[in-house]
Each structure stands twice: as C-alpha cells, then as structure tokens.
Amino acid sequence: MDINTILSALANPVRLDILYWLKDPTVHFPPQKAGAPEGGICVSHIREKTGLSQPTISLYLSTLSRAELVSSRRVGQWTYYRYNPEVADAFLEALVQRLQNS
C-alpha cells in the first residue's frame, strides 16, 4: 500500500464517488447478473451512474485498482469491481499515524 498513490487516486471527485458507491453496492447499483462475483459491480453500471465515457471510467477504475482500493474480476466478457476494505482501513490507519507523528 502506497499512501501517495491512494491520495492521488482519491483526489478526483468522481473516483471518490465510485469508491463510495462500491463500498455499499446494494444501495447504489441494481442487482448484478447471475454469476457475478459477490459484491462486484459491472463496469457498465458504474459508467451509467457516472454518465462518463467508457474510456474515462476504465481509466478511473484502473487508477483505483493501482491504488488497491478496488479489485476486479473478469467473468466472461464482463469485468466486475469491488471495494477493498482492508486496503482502505490500512490506508486510513497509516495516514493517521503519519499525521500524528509529524
């Protein structure tokens, strides 16, 4: 986990929204197709919710993936993303430690 990579990923308001939505997918997205990974949301649903183009959403999700805040899983032709709470929790703890020890 790299604090600076995560901070950079969170600096964009849409990426922050995506992360927030993925944290509680049943509230923010419709039910996924049968066979979807548990907690995973199809890229097409994320794109629809943001109203942004497919290339932009792919770039945003790639940034969140590099920061390890989300994980992806491909099922057939679909890619599903889900929130990674372990990394988010570790990031918050590391950030608090770093700010308190500065």
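This passage walks through the sheet, one helix and the nonpolar core of a predicted model.

Let's start with the sheet. Three strands make up an open sheet, lined up in the order β1-β3-β2, and the pairing is antiparallel. Strands β1 and β2 (70–75) sit at the edges with a single partner strand each, so one side of each has no neighbour in the sheet. The pairing of β2 with β3 runs over six bridges, while that of β1 with β3 runs over two bridges. A few partners can be picked out by name. Tyrosine 80 in β3 is the bridge partner of cysteine 42, and tyrosine 80 is also the bridge partner of arginine 73. Next along in β3, tyrosine 81 is the bridge partner of serine 72. In a regular strand, side chains alternate between the two faces of the sheet. As for how β2 connects to β3, the two strands form a hairpin with two residues between them. Glycine 76 lies in that turn and has a positive phi of about 65°.

Now for helix α4, which covers residues 43–50. Its buried residues are Val43, His45, Ile46 and Thr50. Looking down the axis of α4, these buried residues fall within an arc of 160°, so they line one face of the helix. And what covers them? The cover includes two helices, α2 (13–23) and α5 (54–66), along with the strands β1 (41–42) and β3 (78–83). Right after α4 comes glycine 51, and its phi is positive, near 75°.

One of those α4 residues, Ile46, turns up again in the largest nonpolar core, which has 23 residues. Ile46 is among the members that touch the most other members, together with Ile18, Leu22, Leu61, Leu64, Leu69 and Tyr81. Several parts of the chain chip in to build this core: α1 (3–10), α2, α4, α5, β3 and α6 (85–100) each supply at least two residues.

Leucine 69 is a handy place to see how these pieces meet. Leaving aside residues up to four places away in sequence, leucine 69 touches Ile6, Ala9, Leu10, Leu19 and Leu64, and also Arg82, Tyr83, Asn84, Val87 and Ala88. Tyr81 is worth a second look too, since this name has come up twice: tyrosine 81 is the bridge partner of serine 72, and Tyr81 is one of the core residues that touch the most other members.

Terms used. Residues are numbered from 1 along each chain as its sequence is written. This is a predicted model: local features need pLDDT of at least 70, side-chain atom pairs count only at pLDDT 80 or more; totals for chains, interfaces and linings use all residues. Side-chain values use heavy atoms; hydrogens and water are left out. Buried means under 20% relative accessible area, exposed over 50%, partly exposed in between (1.4 Å probe, protein chains only). Helices (H or I, at least four residues) and strands (E, at least two) are DSSP runs, numbered from the N terminus. The arc is that of the directions from the helix axis to the C-beta atoms. Contact means heavy atoms within 4.5 Å. A nonpolar core is a set of buried Ala, Val, Leu, Ile, Met, Phe, Trp, Tyr and Cys residues joined through side-chain atoms within 4.5 Å. Two strands pair if DSSP finds at least two bridges between them.
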